[in-house]
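The following note comments on the ligand site and on one further position in the chain. The points are numbered for ease of reply.

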Amino acid sequence: ILSFLSFKEKDTDIMAGVTFMEKTFLMVKPDGVQRELIGEIVSRFEKKGFQLIGAKLMNISNELASEHYGEHKERPFFGELVEFITSGPVFAMVWQGENVIATARQMMGSTNPADAAPGTIRGDFGVTVGKNIIHGSDSPESAKREIGLFFNDSELIEYSKLSNNWIY
Ligand code: ADP
């Protein structure tokens, strides 16, 4: 009974911790899916210690693409960007963890793979800025917006992960 109680206490700590944990939206772009990098990318975030709480393979409509990349509407590459992101299935994900928004951006590397450090996803697998493998939210505001664009509440799964005891 005592060990059960102490387990429950720890579990409660983890659950309490969830309230300060962030969520971010990450997406393997059509080039990453075609190049069979879904497993590699998921594996990096799993091994880091982040928790996957939602994922799906999907096609992006023109409407969703325009909404998602709305901030780039006036940029010369906007048309190309929408055409690319709708050109094949993407793997959309929501990951949770302490500081996951900024840390995932670091793990992705610079927007242009030519500038991305070795060891980052874009540094290891990408060559050109137009096909840079992965998208990740760049702030708490964009994470909230993008998670809402791509996922319903019922598609996000809250669960306690025992390895969190050894990560936090
Ligand atoms: P990030 O994806 O790193 O947040 P941005 O939000 O600045 O970068 O740009 C969104 C996406 O637009 C980039 O991931 C990239 O695929 C594409 N992009 C950015 N700059 C260019 C460019 N000069 N030419 C073509 N595509 C670009």
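1. In this predicted model, a polar side-chain atom of Thr111 is placed 2.5 Å from an oxygen atom of the ligand. Arg122 also contributes a polar side-chain atom, at 3.1 Å from a ligand oxygen atom. At Val129 the partner is instead a polar backbone atom, which lies 3.0 Å from an oxygen atom of the ligand.

2. As to the extent of enclosure, the ligand taken alone exposes 530 Å², and the protein buries 79% of that area. The site it occupies is the largest pocket.

3. The residues surrounding the ligand are Lys29, Tyr69, His72, Phe77, Leu81, Arg105, Thr111, Arg122, Val129 and Asn132. Thr111, Arg122 and Val129, discussed in the opening point for their polar atoms, are thus listed here together with their neighbours in the shell. By class, this shell comprises 4 nonpolar, 3 polar and 3 charged residues.

4. A separate remark concerns Gln96, which is located in strand β3, spanning residues 90-97. Is Gln96 buried or exposed? Its relative accessible area is 3%, and a residue counts as buried under 20%, so Gln96 is classed as buried.

5. Which side chain makes a polar contact with the side chain of Gln96? The partner is Lys23, whose side chain makes this contact at 3.2 Å. The side chain of Gln96, a buried residue of strand β3, therefore has a polar partner in the model.

Definitions and conventions:
Residues numbered from 1 in each chain as written. Predicted model: local features only at pLDDT ≥ 70, side-chain atom pairs only at ≥ 80, totals over all residues. Heavy atoms only, no water. Near = heavy atom within 4 Å. Polar contact = N/O pair within 3.5 Å; in protein donor to acceptor, adjacent residues only side chain to side chain. Areas by Shrake-Rupley, 256 points an atom, 1.4 Å probe, with all protein chains shown as cover. 1 Å grid on protein atoms, 1.4 Å probe; cavity = no way out; pocket = protein on both sides within 12 Å on 5 of 7 lines; lining within 4 Å. Sits in = over half its atoms within 2 Å of the grid points. Nonpolar A, V, L, I, M, F, W, Y, C, P; charged D, E, K, R; others polar. Helix = DSSP H or I, 4+ residues; strand = E, 2+ residues; numbered from the N terminus. Buried < 20%, exposed > 50% of the residue type's maximum accessible area, 1.4 Å probe, protein only.
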